[in-house]
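Colleague: I am new to this structure and would be grateful for a close look at a single part of it. Please take one charged side chain and describe its partners and their surroundings.

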Amino acid sequence: MDVLTHTQQFLAIAWWLALGVSVLLYIALDGADLGAGIFSLFVKDHDEKGAIMGAMAGTWDANETWLIVAGGILFGTFPFVYGSAFSYLMIPLALVLWGIMSRAVALEFHHLASPKWQRFSEWVFGLASLAVTFFGGMSVGAALQGFELDKPAVGVPHYVGGAFNFMSAFSVWTGIAACIAMTLSGVLFVRARFEKAEPIRQDAARWTAAIFWLAIASVLVTVVWSAAIFDWARAKWFGSHFWIWGLFGIVALICIDQVRRDTLKDKDLAAILWFNAAALILGVGMLFTMFPWLVPNTWTIWAGASPQVSMITFTMTMGGFLPVMIMYNWYQIWVFRGRVSKLVAYAGH
Amino acid sequence: MDGEALTSLITRIDFALISSLHILFPPLTIGLAALLLVSEALWLKTGKESWYRLCRFFEKLFIVNFGAGVATGVTMEMAFGILYGRFSQAAGPFFGQVLGYETITAFMYEAGFIGLMIFGWGKISRGMHLFATFNVAVSSTLSAMWILVANSWMQTPTGVEYRNGIFYVTDWLAALFNPNAIAAFPHMMLASFELSLCFVIAVCAWFVLRRRHVALFLTPLKYALAVLVVVAAAQIWLGDVLGEQTLESKPAALAAMEGHYNTNHPDGSVDTDWQIIGWPNAKGDGLAWSISVPHLLSVIETKTWNGPVTGLNSFPADQQPPVVLPFYSFRVMAAAGGAILLLALWGVWLRMRGKFTVDLAPTHKIFLAACVGVVALPYLAVVAGWWTREIGRQPWIVYGLMRTEDGMSAMSLGLAIFWLVGFAFFEICVIAGTFWFLLKVVRLGPDLETPIAGEGHEHLGELHVPASGHAEQPEYLRPV
């Protein structure tokens, strides 16, 4: 393996941050759609179920694409990680993909289907959202645990472990925790997107109150569990800069608390933004805890990076494409910002 | 066949399935987006309501197809790393970078504007909407460009150096503008337009045949047939250019496509026969039987009467691609391309004789039925073309540098079967659903009643509340 130049090492870190931004944007944007899908499993009224799907009709595709962007950055800049991690995560990723496929067609075909098939597509949409969230969360947990690579004398290390190595109590837990967090994000989305008088908004408020506590508990459990099993996390969190990590945690908890307060005050957009702030802080906290590992104890940022990261491609992407992308995504969300009623299900979205 | 060979075969079939089922959708997205742009622009320019109705109608078909394209496309991006992890690691510096650019500059670009195009009617201004449609057309074309550049590089890997299991890019321009891409990208673009024109022709012809909205659908039918003549002819020419390119860069693939085993006859004279059909012998070193036309192979490939074309037996046995599949899929593609051109010519001939009037057109039942049936041909041609291309490259994943089996992830037999069965199930559901809903939208026909969407903030009509419903339910106003 080659050693990167100083510029390349710097660029690899910048790409790593860009990867983090895409993943966090995905969690913030599509997370809400996924969570609303999980929530829809518990909604009885078919018009309301349809309206949840209708409320995201204009934006779900772009939201989901942030995951594809993250995949693209991983493949383009960290191909050694992409090729080995995806082999390691073969089974959970296959399940995520089946979920994404089912969800996409359920969303697109819902308004064309006959009533019987509309019911069916509502179930597919809900279950697929649950599957994507759970197995996606499980993949993250499994990645935190790292995986085995062979050590060839020359060339790239490959994944050599079995297909079921991703299974562990911890990875199952991160799957569950992802479902809890995304459901919270989903009910906040429902609150913000439905007209104030809609009954579903009141249901969503009750859910927020309950899931809020579950979300705090799952953050705490995940942190304690990580500290117990990951030496790299322990070393940072209980090292000489322990107070910085403590601060991260406290600020995150304050943000989550604000979610509840704003929901009670009917400030729906603020609640979503506080949730995203909490996700951002926890996500960034986790990224820096892992630093310099991209996959703990498996790939460092530099070992996983393509030997050909260059200033040209980086500048083109960050200076040109990414800002434009964020601009039109923002415009699109702005166009579809209005509140909807459950009757939206009738209007062919 | 031992376990390892079987696993390797199933892993190949896994990826073949994922890519074959994905390529059914993007060509229509690419071509139809451009046609939607044309009809929307014509509506804004001429003010004719018919163009607006056509645009909205075909847009409904577009979105059904698009959903399926996204569903199967996301799968493909992930499948590289999952099924071909070693290839992804080795080729990542170039191939991954190109796919990364595809997601950033095209996939995301398209996703951003497609929501506006489909759901933005009445919410954004007409100019902004046209701009959104324009961007969807441009971004889908960009997407095709990146994908074809990446795939063509696997066919003609220029500008790289393969060392220590990694492809290092030594010359970005040479890698991006590799020789195969120059012909393959236009070939795919024309295929997309040809497929979309056939799609539009089939839908329009069906309505004319059933005497529904004849006046509305006759105009696009006329235009599409006229454009198809040019596109289909150009496609045949481009296909030939790509064939010559293949002869130059991948002679073994061309020999397999043509079932051409020996450069010379046993008596030393050049073998110039073009096989119409044939079947390899048991030993696999020649054809057991064939029907052939002398000199045609030399004429097609070398543009001379007796020019030699390198036969398959000139390559070591372990570097020869399979013959039957590329041989027949190439012929299916070429025959489909020829048949499409004939149909287009038939249509133009009818038009020149003045048969395309509201009264006369529906009486040409055989022609209209042929127009409806023709939609199957471009789909067949696209899949067959990709099979020719990908199987012809074997046993290489990156031609001449990396063999396919060296690019695979380590996988057990059970896991390979799990993938095959799972993805076959989900993808077939996606395709069945797409086909069903395309038919349903066509059957329902265009919506000619709803008022034309304006510039936003408007009342979109009332919902009829069921008799048992609440009287106080407000009339529906789409929020903006």
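Modeller: In this predicted model, Lys303(B) and Glu244(B) form a salt bridge whose closest N and O atoms are 2.9 Å apart. Lys303(B) lies in the loop between helix 10 and helix 11 of chain B, while Glu244(B) belongs to helix 8 of chain B, so the pair ties together parts that are 59 residues apart in sequence. A salt bridge also joins the side chains of Lys303(B) and Asp240(B), with an N to O distance of 2.9 Å. This second pair likewise links distant parts of the chain, 63 residues apart. Asp240(B) is located in helix 8 (residues 214-249) of chain B, and the loop that holds Lys303(B) runs between helix 10 (296-302) and helix 11 (324-352).

How buried or exposed are these side chains? The range from 20% to 50% relative accessible area defines partly exposed. Lys303(B), at 47%, therefore counts as partly exposed. Glu244(B) has a relative accessible area of 30% and is therefore partly exposed. Asp240(B), at 24%, is also partly exposed.

For context, the whole structure contains 19 salt bridges over all chains. Among them is the pair Arg403(B) and Glu405(B), with the closest N and O atoms 3.2 Å apart; Glu405(B) is partly exposed at 37% relative accessibility. In chain A, salt bridges with shared partners join Arg191(A), Arg201(A), Asp266(A) and Asp268(A) into one network.

How values were computed. Residues are numbered from 1 along each chain as its sequence is written. Chains are lettered from A and ligands numbered from 1 in the order in which they are written. This is a predicted model: local features need pLDDT of at least 70, side-chain atom pairs count only at pLDDT 80 or more; totals for chains, interfaces and linings use all residues. Side-chain values use heavy atoms; hydrogens and water are left out. A salt bridge is a side-chain nitrogen of Lys or Arg within 4 Å of a carboxyl oxygen of Asp or Glu. Helices (H or I, at least four residues) and strands (E, at least two) are DSSP runs, numbered from the N terminus. Buried means under 20% relative accessible area, exposed over 50%, partly exposed in between (1.4 Å probe, protein chains only).
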